[in-house]
Each structure stands twice: as structure tokens, then as C-alpha cells.
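Work through the following exercises with the structure open beside you, and try each task before you read its solution. Each solution proceeds in small steps.

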Amino acid sequence: MAGTLDLFEHEPGPPEPIAEGAYLLRGFATDISTQLLNDLQHIAEAAPFRHQVTPGGYSMSVAMTSCGELGWVTDKRGYRYSPVDPQSNQPWPALPESFEQLAIDAAATAGYPQFSAQSCLINRYETGARMALHQDKDEQDLTAPIVSVSLGAPISFLFGGPTRSHQPARVKIEHGDVLVWGGPSRLFFHGVAPLGKRADHPLTGPVRYNLTFRKVL
Ligand code: SIN
Ligand code: FE2
């Protein structure tokens, strides 16, 4: 049975270093992925996914929403964190317990024991959606790591270095994988390659979700 085999393919392994201070925790979230996806659907009912516009006027290919105290937003005025969803003027949905605990556990496993998330950005990738190389630098507290959880269809994650010209490593990321980067690699450039036409997962079909947990202030 394909489903049974799948369970064995994604057994969590030890943290794999991918740069200084950066680790890939393969399969770390697989066991609780059904709960995470269920909680994600509830968040998206309260704060629907939307394609935000960059300060340069481009509509992002990745659809986004947020939960937690602060949500990451962009529009023509710039990138920033907001305590309310600009679409509804209401606070973002609270961080579900499943999200909060996973972020703490993953950070601790990667060597960041003090982490607690103030914000969870939820990205939804459909076929062809991508994220250009960028740094996560809209946060005031750069001592806290970034915790990035992947659910659904696989994608190639691009993990670069301190400058844009640094050739990024291409890391295949699958359902349940968690990336944690901080310390010396906190401001490293990263992005994701376009989601492939044949990318698929039994729980999400041709869609990939990413949860990015951040301490902002
Ligand atoms: C991001 O860096 O903003 C998103 C990364 C991802 O979707 O894996
Ligand atoms: Fe990022």
C-alpha cells in the first residue's frame, strides 16, 4: 500500500546541517501534519489566502495569510508586520497549539532552546508559484531563528549565503520537513523554485503549504 510505504519514507532523522546555524529536520512534522493542515484550514476560513502586492507593484505568485500576534504584510507602502489583517481590520487568528508547540520543538532540536513565535506566515503554492531569493529582515529581533515547515507537495528550496551573488544550494523539501536557520545564517538569502506541474501529495494534491514562524520584536 502506497500510504503505508509513505510513512517509512518520511521517518525523522537527525538534524542535517545545511549552513552554519541552519538545519534541515527531515520529517519532523510528519506525525502531526494532519492536525496542522486541519488547523490551517480554520485559519484560512477566518483570514483567507490572498495574493499580496509588492512595493514595486507586482502581485505575488504565492498566496498568503497569517496567524499569531503579528502578520507579515506587503502593499505599495512596503513590507511590514501588522497586528490586524488589513482585509478585515480584525486581529489575525491565534496561533493554534499545534503550531506553537511544533515551532518550539523544532527550534530546540536545531539548537535554539529559547524560541517562541509571535508570527506565523502561511504560504500557499500552486503550480508555478515561486519565491525569489530574499532575506527575512523585517524583524527587529535578529537573535531568534526562523522556523519553516513544509506541508504537501515537494519543492526545491534554495538556500544561499550572506550575499545575493552566493550560489544557492538546492535542497529538495518534502511534506513534514522543517528548516531552521539562525545565528550566523539568520540573514542568509533563500527562496523556492517554482512548484512543478507534477508535484503532488496525498493530503494536499498539487498544493504546497509553508508555515514560517518568526519572533518579530
Ligand atoms: C519564505 O522564505 O518566505 C518562504 C519559504 C518557503 O516557502 O519554504
Ligand atoms: Fe523567507
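**Exercise 1. A loop residue and its contact**

In which loop does T30 lie? State also whether T30 is buried or exposed, and find the backbone atom that lies close to its side chain.

Solution. This is a predicted model, and every value below is computed from it. Step one is to place the residue: T30 belongs to the loop that runs between β2 (22–25) and α2 (33–46). Step two is to judge its accessibility: T30 has a relative accessibility of 17%, and because buried means under 20%, T30 counts as buried. Step three is to look for the contact: a polar atom in the side chain of T30 is 3.1 Å from the backbone oxygen of G27. Step four is to check this partner: G27 also lies in the loop between β2 and α2, and with a relative accessible area of 3% G27 is buried.

**Exercise 2. The iron site**

Which residues coordinate the iron ion (ligand 2), and how are these donor residues spaced in sequence? Explain why the arrangement of donor atoms is called irregular.

Solution. Begin with the donors: H134 through NE2, D136 through OD and H190 through NE2 coordinate the iron ion (ligand 2), at 2.1 to 2.2 Å. Next, consider the geometry: the 4 donor atoms around the iron ion (ligand 2) subtend angles of 88 to 173°, and the arrangement is therefore irregular. Then turn to the sequence, where the spacing of the donor residues reads H-x1-D-x53-H. Because H134 is in strand β9 (residues 131–134) and H190 is in strand β14 (residues 190–192), the pair ties together parts that are 56 residues apart in sequence. Finally, compare the accessibility of these two histidines: H134, at 22%, counts as partly exposed, whereas H190, with a relative accessible area of 4%, is buried.

**Exercise 3. The surroundings of ligand 1**

Which residues surround ligand 1, and how far is an oxygen atom of ligand 1 from an N or O atom in the side chain of Y125, of H134 and of R208?

Solution. List the surroundings before turning to distances: ligand 1 is surrounded by N123, Y125, M131, H134, F157, H190, V192, R208 and N210. Among them are H134 and H190, which also coordinate the iron ion (ligand 2). Now take the polar contacts in turn. For Y125, the distance from an N or O atom of the side chain to an oxygen atom of ligand 1 is 2.5 Å; for R208, the corresponding distance is 2.8 Å; and for H134, it is 3.2 Å. As a last step, examine how Y125 and R208 are placed relative to each other: the charged end of R208 sits over the ring of Y125, at 4.8 Å from the centre of that ring.

**Exercise 4. Aromatic pairs**

How many aromatic pairs does the structure hold, and why does the pair of W72 and Y79 count as stacked?

Solution. The number comes first: the structure holds 7 aromatic pairs. One of these joins W72 and Y79, whose ring centres are 5.4 Å apart and whose planes meet at 25°, so the pair is stacked. The two partners can then be compared for accessibility: W72, at 11%, counts as buried, while Y79, at 45%, counts as partly exposed. Another stacked pair is formed by F157 and F159, with 6.3 Å from centre to centre and 25° between the planes, and both of these residues are buried. Going one step further, F157 and F159 belong with W181 and F188 to one aromatic cluster. Within this cluster, W181 is found in strand β13 (residues 178–181), and at 1% relative accessibility W181 counts as buried.

**Exercise 5. A positive phi angle**

What is phi of N89 near, and where in the chain is N89 placed?

Solution. First read the backbone angle: phi of N89 is near 60°, which is a positive value in a residue other than glycine. Then locate the residue: N89 is in the loop between β6 (84–85) and β7 (90–91). Lastly, consider its accessibility: at 58% relative accessibility, N89 counts as exposed.

Definitions and conventions
Residues numbered from 1 in each chain as written. Chains lettered and ligands numbered in written order. Predicted model: local features only at pLDDT ≥ 70, side-chain atom pairs only at ≥ 80, totals over all residues. Heavy atoms only, no water. Donors = N, O, S within 2.8 Å, 3.2 Å for Na, K, Ca; no water. Tetrahedral: all angles 85-135°; square planar, octahedral: opposite > 155°, others 65-115°. Helix = DSSP H or I, 4+ residues; strand = E, 2+ residues; numbered from the N terminus. Buried < 20%, exposed > 50% of the residue type's maximum accessible area, 1.4 Å probe, protein only. Phe/Tyr/Trp six-rings, centres within 6.5 Å; stacked < 30°, edge-to-face > 60°. Lys NZ or Arg CZ within 6 Å of the ring centre and 35° of its normal. Near = heavy atom within 4 Å. Polar contact = N/O pair within 3.5 Å; in protein donor to acceptor, adjacent residues only side chain to side chain.
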